Amino acid sequence: MTTPRNDSSSGLSTRAVWAGAPEHMPEDMTVMPVFHGVTYAYDDMAQWRAVATGERPGHVYSRNTNPTVEIFEGKLRALEGAEASTSFATGMAAVSNTLFALLAPGDRVVSIRDTYGGTNRIFNEFLPRWGVDVVLCQTDDAEAIEREVAAGCALLYLETPTNPTLKVLDLKRLSRAAHTAGAKVVVDNTFATPINQNPLALGADLVLHSATKFLGGHSDAMGGVVCGPEELVRRIFHFREINGASLDAMSAFLLTRGMQTLELRVQRQNASAQRIAEFLAGHAAVEAVHYPGLDSHPGHAVAKSQMRGFGGVLAFDLRGGEAAMEQVVGNLRLAHRAASLGSVGTLVGPPSLTSHVELNAEERAAAGIPEGLVRYSVGIENVDDLIADLAQALAAIG
Ligand SMILES: *Cc1c(COP(=O)(O)O)cnc(C)c1O
């Protein structure tokens, strides 16, 4: 039955609060408890057999399914407008399980040079070992991506905006090219969040997230998720239940709790990031600001056509290069010098110590990531306080 609680035409924040929960919670609770139990017991053999063979709904073992975890999966399904979803222990488990479940030796996969560092390692280090041919294109060269896809591929893997330089890929255009070539399209939507962008509505076959970032939003739980059509998600779920990278109930509870404020947080972060990007773009010590919300950003027009907001992460390059970067990052007071992004607290760091620590300096240069780049993930603090903090950090450059 469709009710305002699970209607996919409800507003995003309505879905973030209500979707995924059963009409009646255990003990009439308003919040789903954390089901720490590993296993489930049955009254008799017939009931056990019916559940185990899938003839009637129920759970068998928490590596496969768990009621607390299902709520998290249901929220993502509703927010991404997907038929099905499955969750993982981390974002990288979502990436690797998706790739390994769908690809086979002899397949060709096309992607971009500046995917997330861990994803890049799967492409460069692990998939080739299993006989998968990997082609990584210049990220901002849509024609090169179309050419490689047309040459034949099983899967096109995209990320937009990219980490950490915020390049924007045209999802409609590239999905069309992939489908013409008979390939499936997977999009990492971590940076945008389902509040700002829904890749499935733009033509992608699967959308995945590191839930560790904006979805959870508090830097206190790790997780990942993939959403898409039943048939594809079932294949990935099957790989995950055997491979074992399942989301645990406590993390699912924390992620679900965080997700209820997702729209509020992301809207605040969108607005603050825009103001901060404009402030930095006008600062004499700053060489370049990478933020899709700026008119000057090469991907601004595409971003405007496919995103509802430009996100809470930006990056900037300093005129003083790596030495200036060290000083500015060191001078900031209202930011954690830390890996990760998407939290209520502002997080700052150079890609060489965060997202792309797995790459060496040459590989980072090849991916277009200068050693003096600062990645700044805007929290929900008062934006005037954040701008004042950036101003004092920049003023103190020697
Ligand atoms: C962090 C991140 C990942 C990996 O997620 P984990 O939860 O850290 O494993 C994947 N993609 C992007 C874009 C990320 O930012």
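Q: What is the expected span of a helix?
A: The expected span is 1.5 Å times one less than the number of residues in the helix. The structure discussed here is a predicted model.

Q: How do you know that the length of helix α4 agrees with what is expected?
A: Helix α4 covers residues 91-102, and its 12 residues should span 16 Å at 1.5 Å a residue; because the end C-alpha atoms are 17 Å apart, the two values agree.

Q: What makes α4 mostly covered?
A: A residue is buried if its relative accessible area is under 20%, and 10 of the 12 residues of α4 are buried. Among them are Gly91, Ala93, Ala94, Val95, Ser96, Asn97 and Thr98.

Q: Why is Thr90 said to cap the N-terminal end of α4?
A: A side-chain oxygen of Thr90 lies 3.4 Å from the backbone nitrogen of Met92, and a polar contact requires a pair of N or O atoms within 3.5 Å.

Q: What makes Met92, Ser210 and Lys213 polar partners of the ligand?
A: The cut-off for a polar contact is 3.5 Å. A backbone N or O atom of Met92 lies 2.8 Å from an oxygen atom of the ligand, an N or O atom in the side chain of Ser210 is 2.9 Å from a ligand oxygen, and a polar side-chain atom of Lys213 lies 2.8 Å from an oxygen atom of the ligand. Taken alone the ligand exposes 380 Å², and the protein buries 94% of that.

Q: Which residues are closest to the ligand, and what classes make up the shell around the ligand?
A: The ligand is surrounded by 14 residues, the closest being Gly91, Met92, Asp188, Thr212 and Lys213. By class, the shell holds four nonpolar, seven polar and three charged residues.

Q: How do you know that the buried residues of α9 lie on the same side of the helix?
A: The buried residues of α9 are Leu232, Val233, Ile236, Arg240 and Glu241. They cover an arc of only 165° around the axis, and therefore they are on the same side of α9. As a general point, an α-helix has 3.6 residues a turn, so residues three or four places apart point the same way.

Q: Why is Asp28 called exposed?
A: The relative accessibility of Asp28 is 66%, and because exposed means over 50%, Asp28 counts as exposed. Asp28 lies in the loop between α1 and α2, and its phi is near 60°, a positive value in a residue other than glycine.

Q: Why is Thr193 called buried?
A: Thr193 has a relative accessibility of 1%, and because buried means under 20%, Thr193 counts as buried. Thr193 is found in helix α8 and has a positive phi of about 70° although it is not a glycine. In general, most residues other than glycine have a negative phi.

Q: What makes Thr165 a buried residue, and which side chains does Thr165 contact?
A: With a relative accessible area of 5%, set against the limit of under 20%, Thr165 is buried. The side chain of Thr165 makes polar contacts with the side chains of Asp114, at 3.3 Å, and of Lys167, at 3.1 Å. Thr165 is placed in the loop between β4 and α7.

Q: Where in the loop between β4 and α7 are cis peptide bonds found?
A: A cis peptide bond with omega of about -10° joins Thr160 and Pro161, and the peptide bond from Asn163 to Pro164 is cis, with omega near 5°. Pro161 lies in the loop between β4 and α7, where Pro164 is found as well.

Notes:
Residues numbered from 1 in each chain as written. Predicted model: local features only at pLDDT ≥ 70, side-chain atom pairs only at ≥ 80, totals over all residues. Heavy atoms only, no water. Near = heavy atom within 4 Å. Polar contact = N/O pair within 3.5 Å; in protein donor to acceptor, adjacent residues only side chain to side chain. Areas by Shrake-Rupley, 256 points an atom, 1.4 Å probe, with all protein chains shown as cover. Nonpolar A, V, L, I, M, F, W, Y, C, P; charged D, E, K, R; others polar. Buried < 20%, exposed > 50% of the residue type's maximum accessible area, 1.4 Å probe, protein only. Helix = DSSP H or I, 4+ residues; strand = E, 2+ residues; numbered from the N terminus. Arc of directions from axis to C-beta.
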